[in-house]
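Here's a set of exercises to work through with the model open in your viewer. Try each task before you read its solution.

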Amino acid sequence: MSSDGEKHSRDARRDVLKLWGPLGILTLVAFAVALHFADAPPPSRVSIATGPKDGGYALAGARFAKELEDAGIAVDLVATEGSLANLELLRTGQVDVALVQGGLARDDEPELAGVASLYLEPLWIFDREPVARLAELDGRAVDAGEEGSGTRALADRLFGGAGIEIDHSKGEASTVVRVAAARSPLVRELLTSDDLVPASLERAEGIVRTLTYLEHVRIPAGSIDLAADLPREP
């Protein structure tokens, strides 16, 4: 015969099982479901399409590679001609990640699992004379980079959106269009040129309202190189 204490203990254990038994089963089921539907763990190796070996995207890719390798993920950096080539490699599954100029990817890219904005990359227009409006370049010969480059594609969208026709092949171009970091060697070379001056567009705010993947950025005088006073005007 059991004592009242033993009976009370059995009743308590039975109550605990009634309460926690189903909860324990539910917890295990929930854990199994979570494992089934959870995202896959990070890969052990990724490939990143960058750009020309000495360009800004190559430098950015090297920085990303170091961070990933410090986290235990091996990285293959793939040098390319630029943004359009990077997009094609990504679309065809030849790389896992691609560094691309803003505005070049289509809105309906089914192959893209995620898009992140990394940093601002200015679009520069240099000419022999100060340029305040895009209309001043209508019909002119313009050096906007190689055919198939991201700069050429962006320039065509910019001028096309403004209803302006430019010539990529007519004679010697007096206008240079480039997409490059403000402190890149290319921009420094252009800023210190005796023959070219950077454009400062009066309707920059209107441009970004039309081409919404662009941003209006004001670069103050002297902000690139204070000692050399670059740029000399905002």
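The exercises below go from the overall fold to a sheet, then to salt bridges and a pocket.

Some ground rules: this is a predicted model, so local features need pLDDT of at least 70 and side-chain atom pairs count only at pLDDT 80 or more, while totals for chains, interfaces and linings use all residues. Residues are numbered from 1 along each chain as its sequence is written, and side-chain values use heavy atoms, with hydrogens and water left out.

**Exercise 1. Take stock of the chain.**

Task: count the helices and strands in the protein chain, and write down their pattern along the sequence.

Solution.
- Step 1: start with the definition. Helices (H or I, at least four residues) and strands (E, at least two) are DSSP runs, numbered from the N terminus.
- Step 2: count them up, and you get six helices and seven strands.
- Step 3: going along the sequence, the pattern reads α-β-α-β-α-β-β-β-α-β-α-β-α.
- Step 4: add burial. Buried means under 20% relative accessible area, exposed means over 50%, and partly exposed is in between (1.4 Å probe, protein chains only). On that scale, 30% of the 234 residues are buried.

**Exercise 2. Lay out the sheet around E1.**

Task: work out which strands E1 pairs with, and in what order the open sheet runs.

Solution.
- Step 1: find E1 at residues 45-49; four of its five residues are buried.
- Step 2: look for partners, bearing in mind that two strands pair if DSSP finds at least two bridges between them. With E2 (residues 74-78), E1 makes five bridges in the parallel sense, and Val 46 has Val 75 as its bridge partner there.
- Step 3: trace the connection. The chain leaves E1, passes through helix H2 (residues 56-70) and arrives at E2, a right-handed β-α-β crossover. Right-handed here means that, with the strands pointing away from the viewer, the path from the first strand over the helix to the second runs clockwise.
- Step 4: now for E3 (residues 97-98), which is parallel to E1 and joined to it by two bridges. Ala 49 has Ala 98 as its bridge partner, and Ile 48 stands opposite Val 97.
- Step 5: put it together, and the three strands make an open, parallel sheet in the order E2-E1-E3. E2 and E3 are the edge strands, each pairing on one side only.

**Exercise 3. Follow three salt bridges.**

Task: for Asp 127, Arg 133 and Asp 143, find which side chain each one meets in a salt bridge.

Solution.
- Step 1: set the cut-off. A salt bridge is a side-chain nitrogen of Lys or Arg within 4 Å of a carboxyl oxygen of Asp or Glu. The whole structure has eight of them.
- Step 2: Asp 127 meets Arg 140 at 2.7 Å, N to O. Asp 127 belongs to strand E4 (residues 123-127) and Arg 140 to the loop between E4 and strand E5 (142-143), 13 residues apart. Asp 127 is buried at 4% relative accessibility, whereas Arg 140, at 27%, is partly exposed.
- Step 3: Arg 133 meets Glu 202 at 3.1 Å, N to O. Arg 133 is in the loop between E4 and E5 and Glu 202 in the loop between strand E7 (197-198) and helix H6 (204-210), so this pair ties together parts 69 residues apart in sequence. Arg 133 is partly exposed at 38%, and Glu 202 is exposed at 54%.
- Step 4: Asp 143 meets Arg 178 at 3.2 Å, N to O. With Asp 143 in E5 and Arg 178 in strand E6 (residues 175-179), the pair ties together parts 35 residues apart in sequence.

**Exercise 4. Inspect the second largest pocket.**

Task: say which element gives the largest share of the lining of the second largest pocket.

Solution.- Step 1: define the term. On a 1 Å grid over the protein atoms alone, a pocket is an open set of points where a 1.4 Å probe fits, with protein on both sides within 12 Å along at least five of seven lines; lining residues have an atom within 4 Å of a point.
- Step 2: sort the lining by element, and H2 comes out with the largest share, seven residues.
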